[in-house]
Amino acid sequence: MRKLTLTAALCASTVLTAQALAQEDLRIVEEPLELTIHMHWPRAQGYDENYAVEKAAREMTGIHLKDATAGRNSTDSIEAMNLLLAMGDMPDIVAGHLIQQPVNQYGPEGAFLPLNDLVKEHAPHIQAFWDSHPGLQEAISSYDGNYYYIPYLPDGEFGRAWYIRQDWLDKLGLEQPQNVDEYYEVLKAFREQDPNGNGLKDEIPYFARQWEDVNRLLNLWDARSSGSDTYHDFYVNDEGKVVHPYAQEAYRVGLKNIAQWYKEGLIDPEIFTRGSSSRDYLLSEDLGGSTHDWFASTSGYNQALADKIEGFNFIPFLPPESAGGVRMEEHRRIPIKPDGWAISYSNEYPVETIKYFDFWFTEEGRLLANFGVEGETWDMVDGEPVYKPEVLNSDSPVNSQMYLVGAQIQRGFLQDYRYEWQWTSEPARKGIELYEANDLLIDQFLGVALNEEEQAVYDKYWPSLRTYMLERQQAWILGSGDVEAEWDDYVSTLNKMGYEDVIEVMNSAYSRQYAG
Ligand code: CA
C-alpha cells in the first residue's frame, strides 16, 4: 500500500513526493490521539484548541491537544500550578510559565515522568539539541539527576544595552563616554549644562524603567548586580564558587559610588518609585539622558519621538569600561526558560507524547512554533521564513499576533531569532551588531536544583536575607545610612542571618548538578 502511494506520487510530481514523505515522517499515530493539557502563562490562561498552529500540528502528527487548564481565573501561574497539583487529577501534559521548580520538586516524588531515557530513545531532535549544547540539560535537571520538562529555549543573545542621548552629547560637544570617569563627566554635563535647552536644570541624567537597573551601575566598579537575567541573582565567581553579589567587597565600593552619584543628582531622584512608565515619561518629556534597557523597545523611541523632539537620537553605546578596565554587558538572554512542558504520571501515552514534543524540534515543527502556519502568516522566500507584509505592518506587535495563532507560546520549543530580527528596527540592529563585535557577554548562572534538605535551609534563611540586603541597599543609595561606615555590621548581620548556610547549600547543589 505504502509503495503504491509513493509510486503514484512520484508520477504526479516530485514536489508532491517530498511533501508526502515529510508528512509521513511527522505522523506519530495512525488514529487521531487526544491528549489533555494544562497551559497557563502570562498571555493566556488555557490552551486554545482552535489555534491555527494547533490545527496544523494535528494534521501533521495526528495528536490533538485538549484544554484542561487549572486556575483559569487567576493570572498567577504558580497559583494555577498549586491548584492543579492539589486537584490530583493531572492532565497528560503540564505546560506553561515557571514549571521548572514544581516539576523538579514533584518529579522525583512521582508526579511527572523523567524524560532522560524517553528522549534518548524516541526524540532524536531534542537529544541532538542537548548534545550540541553542553551544560543545558544539567541546568534543568532535578536533584536526582533526571530532568522533567522540555523548556522553551530562547534564541538570540543580546537583551539590554547602555543607551545615551547622542544629540545631547553633540549639543554639548562631548564624545561618547568610554569609561566610568568619562561617563561620570557626561552625566554631570547633562545635569548642569541644560542639554534640552529649556533654561531649567531639569534633566535626569541616568534613569531606569526597572529600578533594579540602578544596580547595573555596580558593574562600572567591577561589582556584579546579578548572575542571570533575574535581578539580584547569585553568580559564579572567578574561583567557580556560587556567591551573592551583595555580599562582596566590590559591592561596597560600587554602592558607595552609586550613592555619591545619586547625591549629585546624576541618578533619577525617583528611581525607586517612578515605576515602569519612567522610560516613556522621561524620554517623551525630553528629560532623560541615559539608561540600561532592552534593545528593541528602547530603539523604538527614535521613530516615536521624531516629530515631537527635534533631533532626538537615543542610541546604544558600548558599556563604559569599569574602574578595573573591564568592558562587559552583564545582561543577556537566558538560554533556557523555566517555562515549557512536562508529562504527568497519569499520561498513558508517554512515547507518543515525547514524539509529539520532538515534533516541535523538527524543521517543520520549529517553523510552525515560531512563525505560525506557512501561507497564512509567512512564506518561504529563498529558503527563509518571511512574514507577510500585513503581519509586519500591522498595528499589533508581531509577538502579539503570534500568540493569537498559537506560535511563540510557552510550549517546549526552540525559538528562531529570525522571528524577532524581522521586526527589529534599524538602530537596534546596529546596536546589536556593535555589541556583538565587541564580545561583551559573560556566562550566566543557570540556577541549581536543591534537594529537600538544601531547600529547607534555603527557605529558612534566604527570603529574610534578601529583604535585608535590599533594604540596606536602598537606604545607602538614598543616603540614609553610609555603606562604608556600616559595612562590617552589615556583613556580620548577613552571617548571623544564615548567609554562609545558604551559600553552602547553593554550592553543594551546584557541584552535584554541574560536576558530571
Ligand atoms: Ca533643562
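Helices here are DSSP runs of H or I covering at least four residues, numbered from the N terminus. In this predicted model, helix H9 takes in residues 166–171, and Asp170 sits in it. Asp170 is also one of the residues behind a negative surface patch, where it is joined by Glu175, Asp181, Glu182 and Glu185. The biggest share of that negative patch comes from helix H10 (residues 180–192), which puts in three residues.

Zooming out, the domain assignment splits the protein into two parts, each built from two stretches of chain: domain 1 covers 6–156 + 336–416, while domain 2 covers 159–331 + 444–516. Measuring from C-alpha centre to C-alpha centre, domain 1 and domain 2 are 35 Å apart. The two do touch: ten residues on the domain 1 side are in contact with eight residues of domain 2.

Then there is Val448, which turns up in the loop that links helix H19 (426–437) to helix H20 (452–478). Neighbours within four places in sequence aside, Val448 is in contact with Met506, Ala509, Tyr510, Gln513 and Tyr514. Take Met506: 58 residues separate it from Val448 along the chain, yet their C-alpha atoms are 7.1 Å apart.

Technical notes:
Residues numbered from 1 in each chain as written. Predicted model: local features only at pLDDT ≥ 70, side-chain atom pairs only at ≥ 80, totals over all residues. Heavy atoms only, no water. Patch = residues over 30% accessible without salt bridge, like charges linked within 9 Å, V, L, I, M, F, W, Y side chains within 5 Å. Areas by Shrake-Rupley, 256 points an atom, 1.4 Å probe, with all protein chains shown as cover. Salt bridge = Lys/Arg side-chain N within 4 Å of Asp/Glu carboxyl O. Lys, Arg positive; Asp, Glu negative; His and termini not counted. Charge placed at Lys NZ, Arg CZ, Asp CG, Glu CD. Helix = DSSP H or I, 4+ residues; strand = E, 2+ residues; numbered from the N terminus. Domains from an automatic or database assignment. Contact = heavy atoms within 4.5 Å.
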